[in-house]
Amino acid sequence: MKLVFRVLAAGITFLAAAGSSPTRAETAAQFYANRQMTMLVGTTAGDGYDTFGRMLARHMGKYLPGGSAKFIVRNMPGAGGLIATNFLFNVAEPDGATIGVVNREALLVPLLSADASQAKFDPRQFVWLGSPNLEAGMIYVSKASGVRSIRETEQRVTTLGSSSAANSTGAILPKLLNELIGTKFKVIAGYQGSMQAILAMERGEVDGRYSPGWAGPEANRVNDLVASGKARLLAYVSRKGSSTFGSLPNVIDLPMKPENRNILALLLAAQGFGRPFIAPPRIPAERATALRDAFIATMKDPDYLAEAESQKLEITPVAAADLANVANEAYATPAPLLKRAVEMMGEAQK
């Protein structure tokens, strides 16, 4: 009987070794040849993240080793991006065949949320691929609202449409601005994505909206409304000034206490992620390098750039290392400042 057990054990050991050795010996070129890849998008179809995700999926495969990989796109919206981010960290196979683009704000939920129980990930452990650009936020209203400037929102209640997620930046930041600079924004939640919120503004259900990322379909649609005299941009929201928006004010430059300005800068740290493309932790190093190299190559691809131009998307790539630095710096925030920011975030999510 002991001999039988020894033989069985030896057989199991052999089978395990036989099943795993090809994976260990498989090169990145062998792995990615004709590989079916998955592009996970942490938002609904048709919004900015989805646009960038699908664009990359159409062009990146030819830059993976072998040049024959193909992508399918899978949308996984919900909980302000946490569902997709949790999936990439905990469920997706860490073999290099799945990548994703997720809500930038979701990556700071474990740090800034008063109740981070839904966030089952540490963003510092993701494999960062890069971002196609960096974006500012934008506060805009319909002309019919009668609001003519950001300073007027300190004098009258201004309603802003947002997604249903309580932890989404579109819902939280306006509430934070009420405390930090004295605005009187009232967030009306329940809209599924930016396009639905814009339609609500056009119908007069809300005065306007705060867009955390001013690019893609939302910016294109609202800019058309501005050009036709139906909407007005009030202020952009960025940690740094930008000449892109001309004389439009930057919220962080508005009068406020120095402590409040520091808190706002921390809360805006997620902007440094742009439209972050990531892959699960623990991917084999050679495949992680192949993914990063393919991402960078796609950012220079003439067909990709032509498609971006046709959709009025500015491509100013951000390297993987820069995204990792944003995460590391944010998670190294001094305790007193972080404590106050977390308290404010907690109140804003109620």
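Of the 350 residues in this protein, 53% count as buried, where buried means under 20% relative accessible area, exposed means over 50%, and partly exposed is anything in between (1.4 Å probe, protein chains only). Keep in mind that this is a predicted model: local features need pLDDT of at least 70, side-chain atom pairs count only at pLDDT 80 or more, and totals for chains, interfaces and linings use all residues. Residues are numbered from 1 along each chain as its sequence is written, and side-chain values use heavy atoms, with hydrogens and water left out.

Let's start with the overall build. The secondary structure comes to 13 helices and 11 strands; helices (H or I, at least four residues) and strands (E, at least two) are DSSP runs, numbered from the N terminus. The C-alpha atoms fill a box of roughly 85 × 45 × 30 Å along the principal axes. The radius of gyration is 23 Å, which agrees with the value near 20 Å that a compact globule of 350 residues would have; it is taken over C-alpha atoms, and the globule rule is 2.2 Å times the number of residues to the power 0.38. Among contacts with a separation of 6 or more, 79% are between residues 24 or more positions apart, with contact meaning heavy atoms within 4.5 Å.

On the outside, the protein exposes about 15500 Å², and carbon and sulfur atoms supply 55% of that; the areas come from the Shrake-Rupley method with a 1.4 Å probe, and for residues only the protein chains shown count as cover. As for charge, the mean positions of the 37 positive and 30 negative charges are 4 Å apart. Lys and Arg count as positive and Asp and Glu as negative, while His and the chain ends are not counted; each charge is placed at NZ of Lys, CZ of Arg, CG of Asp or CD of Glu.

Now for the inside. In soluble globular proteins, nonpolar side chains tend to be buried together. A nonpolar core here is a set of buried Ala, Val, Leu, Ile, Met, Phe, Trp, Tyr and Cys residues joined through side-chain atoms within 4.5 Å. The largest such core has 61 residues, and L108, L112, W128, I139, V251, L264 and F273 touch the most other members. The elements giving two or more residues to this core include α4 (82-90), β5 (137-142), α6 (169-180), α9 (258-267) and α13 (335-348). Apart from it lies another core, of 33 residues, with F52, I99, L129 and L291 among them.

I139 is a good place to zoom in. It lies in strand β5 and is buried, with a relative accessible area of 1%. Beyond residues up to four places away in sequence, I139 touches a list of residues that includes I150, L177, F185, L233 and V251. R209 is also on that list, and the C-alpha atoms of I139 and R209 are separated by 6.0 Å although the two are 70 residues apart along the chain. Follow the contact to V251 and you find that V251, with the same four-place neighbours left out, touches L177, I181, Y236, M256 and L264, among others. Over in helix α9 sits E259, which is partly exposed at 46% relative accessible area.

Next, look at helix α3 (residues 48-59), where L56 has its place. L56 is buried, with a relative accessible area of 0%. Its contacts, not counting residues up to four places away in sequence, are M39, I99, F277, F295, T298, M299 and Y304. In strand β1 (residues 36-41), V41 is likewise buried at 0%, and the residues it touches outside its four-place neighbourhood include Y49, D50, V73, R74 and V101. A charged residue is tucked away too: E307, in helix α11 (residues 302-310), is buried with a relative accessible area of 16%. Leaving aside neighbours within four places, E307 is in contact with M55, R58 and H59.

Finally, two loops deserve a look at their backbone. Most residues other than glycine have a negative phi. R282, in the loop between β10 (277-279) and α10 (285-299), has a positive phi of about 70° and counts as exposed at 59% relative accessibility. K312, in the loop between α11 and β11 (318-319), has a positive phi near 60°, and at 60% relative accessibility K312 counts as exposed.
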